[in-house]
Amino acid sequence: IGRRLAEAGYAVITGGGPGDMEAANKGALEAGGESVGLAIELPYELRPNPYLTRTLSFRYFFVRKVMFVKYSRAFVIMPGGFGTLDEMFELLTLQQTGKAVPVPIVLLDEPGGTFWAGLRRFIEDHLVPSGVISPGDFDRVLVTDSVALATAEIERFWHNYNSLRWVGDRLVLRLNVAPTD
C-alpha cells in the first residue's frame with residue numbers, strides 16, 4: 001500500500017514500527033515518496049524502522065493521535081492491537097462528531113482475512129441496534145482486503161472533495177464536480 005500511495009503522490013505516515021508499518025514505509029521510500037514515522041516512546045518499543053525519511057517521537061499517545069489526524073489526508077488501518085483500535089476509534093469518533101475534516105478511512109485486511117469483518121458485525125449487531133451510534137455512521141469506512149480498492153477509494157475521494165468551511169450557520173462543501181440530483 002505504501003508504494004501505491006507514494007506513486008499516487010501521497011506521503012506515507014505510519015507509527016514507524018515494524019511489520020505492516022515498516023512495509024508501508026519501505027514501499028513509499030522505494031517509490032521515491034516521503035516516508036514519515038510518528039513513533040511513541042515506550043520502554044519496550046523497538047527502534048523506528050529503517051525506511052523513514054523523517055521520524056517524530058512522542059511521549060504521549062494523545063499528542064501522536066493529534067498529529068495523525070491533523071496531517072493525514074486518508075487513513076489505511078491494518079489489523080492491530082489495542083493501540084491500533086484506540087487510534088481507529090478515536091478517528092471514527094472525531095469524524096462522526098465533525099471534530100475532524102472528512103477524509104477516506106480504509107480498514108485493510110490481508111487477502112481473504114476476516115479481522116475487520118468481525119468489527120463490522122459487532123458494529124451492525126450491537127452498536128447500531130442499541131442506539132449508541134446511528135445506522136449510517138460506519139458508512140464512511142471502506143472495509144476491504146484489496147490494496148487496489150483501498151488506493152482507488154482514496155484517489156476517488158480526493159478527485160472530487162476540496163474542502164469545507166462554515167459560513168455562519170451554513171456548511172459549505174467545496175467539490176471539484178457538482179453532485180448529481
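Colleague: What makes the largest pocket a pocket and not a cavity, and what is its volume?

Modeller: In this predicted model, the largest pocket has a volume of about 1200 Å³. A pocket is an open set of grid points, whereas from a cavity the 1.4 Å probe cannot get out.

Colleague: How do you know which residues line the largest pocket?

Modeller: A lining residue has an atom within 4 Å of a point. The count is 46 residues, with Ile-13, Thr-14, Gly-15, Met-21 and Phe-68 nearest the centre of the largest pocket. Elements giving two or more residues to this lining include β1, α2 and α3.

Colleague: How does the lining of the largest pocket divide by class?

Modeller: Into 28 nonpolar, nine polar and nine charged residues. Gly counts as polar, so Gly-15, one of those nearest the centre, falls in the polar class.

Colleague: Which element gives the largest share of the lining of the second largest pocket?

Modeller: Helix α6, with four residues. The second largest pocket holds about 430 Å³ and is lined by 18 residues, twelve of them nonpolar.

Colleague: Why is the span of α5 called close to the expected one?

Modeller: The expected span is 1.5 Å times one less than the number of residues. For the 16 residues of α5 that gives 22 Å, and the helix reaches 23 Å from its first C-alpha to its last.

Colleague: Where does α5 bend, and what makes Ile-123 a buried residue?

Modeller: The bend, about 35 degrees, is at Ile-123. Buried means under 20% relative accessible area, and the residues of α5 that meet this are Trp-116, Leu-119 and Ile-123. Their cover includes β4, α4, β5 and β6.

Terms used: Residues are numbered from 1 along each chain as its sequence is written. This is a predicted model: local features need pLDDT of at least 70, side-chain atom pairs count only at pLDDT 80 or more; totals for chains, interfaces and linings use all residues. Side-chain values use heavy atoms; hydrogens and water are left out. On a 1 Å grid over the protein atoms alone, a cavity is a set of points where a 1.4 Å probe fits but cannot get out, and a pocket is an open set with protein on both sides within 12 Å along at least five of seven lines; lining residues have an atom within 4 Å of a point. Grid points are joined across faces, edges and corners, and a volume is the space filled by probe spheres set on the points. The bend at a residue is the angle between axes fitted to the seven residues ending there and the seven starting there. Buried means under 20% relative accessible area, exposed over 50%, partly exposed in between (1.4 Å probe, protein chains only). Contact means heavy atoms within 4.5 Å.
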